[in-house]
Structure formats: structure tokens, C-alpha cells
Amino acid sequence: MAAIDDLFAAAAAAQANAYAPYSRFKVGAAVLTPSGRIFPGCNVENAAYPQGSCAEAGAIAAMALAGERAIAAVMVVGDGDALVTPCGGCRQRIREFAGPGTPIHVAGPEGPRRSFTLDELLPASFGPDHLHHRPLGPGRSDDARDQQLPCQPSDRALPPDRTVATEATAGAARP
Ligand code: THU
């Protein structure tokens with residue numbers, strides 16, 4: 001399947017650029033959006049160890065920066081014999097933009113090894129819908145708006161002296 005091949009190629013290329021001088025464990029990730037765009041990311045470690053970031057976090061940040069708000073599939077590539085499944089924090093990061101059936105593919109250098117659904121990796125999860133008191137997120141609602149912005153600032157209760165830039169005021173472009 002072309003999408004999986006493309007996703008793997010993007011994640012593998014990202015892995016090559018990973019900055020992992022401390023763990024020496026390079027990871028690449030790529031997220032596919034419903035529009036067909038692919039956003040890669042790599043782990044970026046830091047001498048102050050907790051400041052390092054995972055490959056999935058980088059890919060999701062690139063996706064959000066591009067204005068995309070939904071994940072259709074994820075690919076993670078790492079070396080070694082063990083399956084490099086996303087860490088707990090990254091499962092939750094994926095959960096923000098993905099549905100329970102969203103595939104998460106785990107690959108080694110030779111290619112994809114195994115596929116999971118998000119719900120398999122993060123069952124009974126907490127997500128945006130818990131904050132909105134209604135179903136939200138891809139696979140959890142038929143509201144098209146949810147594909148764009150799972151957490152609308154206008155839906156939040158804010159103190160009167162605080163304002164939050166909305167999509168309109170920020171002038172964000174939508175594909
Ligand atoms: N790492 C990721 O980038 N993604 C994962 O899903 C698992 C772990 C990174 C974090 C750290 O830089 C290195 O792998 C070793 O834990």
C-alpha cells in the first residue's frame with residue numbers, strides 16, 4: 001500500500017536525522033493526515049535529559065504547525081529487535097488528534113513489523129471529549145469542526161480579563 005510505504009520512507013528518513021547522543025537510540029516517526037499529507041519527526045535529546053523530545057512529538061508539532069488537526073495513521077521506526085512502540089506520553093499525544101481505530105505502525109530498519117490501533121495501545125483513554133462534554137475527535141464524532149480544532153478556546157471558561165486568539169483573529173489559513 002502506497003501510503004504505508006510513503007509513511008515508512010518518511011519516518012526512516014527522519015530517523016537518520018535524529019539527535020540522540022545520550023541514548024544512542026535514534027527514532028523516526030511520521031504522521032499521515034486525512035488530506036494525505038505526511039509529517040515526519042525525530043527524537044531530539046538534550047544534555048538536561050528530561051528536556052529531550054520524542055520523534056512522535058516532533059511529527060505532531062509539524063502537523064499542527066501546518067494547520068492540520070487529525071491523524072489518519074502513525075509510523076514509528078527504531079533499531080533493534082524489540083518493537084519500538086510509542087511511549088506512554090506519545091500515545092496520549094497521538095490520542096489528541098486520532099480516533100480509537102487509528103493505526104499505529106511499528107517498524108524496524110527493514111520495514112513495518114506490526115500494526116496496532118490507538119485503542120490497543122491506550123485503552124479507556126482520556127481525551128478532548130472529556131473536556132467538552134460531547135463527542136469530539138476523528139472517529140468519535142461526525143462534527144467536521146472537530147477535524148480542525150479539537151479544543152476550541154471559545155469553548156473554555158476563561159477569566160474575563162483573558163483573551164485567547166481564535167482561528168479568525170489569528171488569521172490562520174485553512175486548507
Ligand atoms: N523515543 C522516541 O522518540 N519515541 C518513542 O516512542 C520511544 C522513545 C526516544 C526518546 C529517547 O530520545 C530515546 O528514544 C530513548 O528513549
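Is E110 exposed or buried? With a relative accessibility of 55%, E110 counts as exposed, where exposed means over 50% relative accessible area, buried under 20%, and partly exposed in between (1.4 Å probe, protein chains only).

The structure is a predicted model, in which local features need pLDDT of at least 70 and side-chain atom pairs count only at pLDDT 80 or more, while totals for chains, interfaces and linings use all residues. Residues are numbered from 1 along each chain as its sequence is written, and side-chain values use heavy atoms, with hydrogens and water left out.

**Salt bridges**

A salt bridge is taken here as a side-chain nitrogen of Lys or Arg within 4 Å of a carboxyl oxygen of Asp or Glu. The whole structure contains 3 of them, listed below with their N to O distances.

| Acidic residue | Basic residue | Distance |
|---|---|---|
| E68 | R37 | 3.4 Å |
| D129 | R95 | 3.1 Å |
| E110 | R113 | 2.8 Å |

In the pair formed by E68 and R37, E68 belongs to the loop between α2 (55–65) and β3 (73–78) and R37 to the loop between β1 (27–32) and β2 (38–42), so the bridge ties together parts that are 31 residues apart in sequence. Helices (H or I, at least four residues) and strands (E, at least two) are DSSP runs, numbered from the N terminus. E68 counts as buried because its relative accessibility is 8%, whereas R37, at 38%, counts as partly exposed.

The side chains of D129 and R95 also meet in a salt bridge. Here D129 lies in helix α5 (residues 128–132) and R95 in helix α3 (residues 88–95), so the pair links parts that are 34 residues apart in sequence. Both D129 and R95 are buried. In the remaining pair, E110 is joined to R113; R113 has a relative accessible area of 31% and is partly exposed.

**Ligand surroundings**

The residues around the ligand, meaning those with a heavy atom within 4 Å of it, are S23, F25, V27, N43, E45, C54, A55, E56, T85, P86 and C87. This shell divides into 6 nonpolar, 3 polar and 2 charged residues; Ala, Val, Leu, Ile, Met, Phe, Trp, Tyr, Cys and Pro count as nonpolar, Asp, Glu, Lys and Arg as charged, and the others, Gly among them, as polar.

A side-chain N or O atom of N43 is 2.9 Å from an oxygen atom of the ligand. A backbone N or O atom of A55 lies 2.9 Å from a ligand oxygen, and a polar side-chain atom of E56 lies 2.6 Å from an oxygen atom of the ligand. Taken alone, the ligand exposes 370 Å², of which the protein buries 76%; these accessible areas come from the Shrake-Rupley method with a 1.4 Å probe.

**Helix α2 and the loop before β1**

A55 and E56 are also among the buried residues of α2, together with A57, A59, I60 and M63. The cover over these buried residues includes β1, β2, β3 and α3. After α2 comes G67, whose phi is positive, near 90°.

Y22 occupies the loop between α1 (2–16) and β1, and at 39% relative accessibility Y22 counts as partly exposed. Leaving aside neighbours within four places in sequence, Y22 is in contact (heavy atoms within 4.5 Å) with E45, N46, A47 and Y49. The C-alpha atoms of Y22 and G52 are separated by 9.9 Å, with the two residues 30 residues apart along the chain.

Methods:
Polar contact = N/O pair within 3.5 Å; in protein donor to acceptor, adjacent residues only side chain to side chain.
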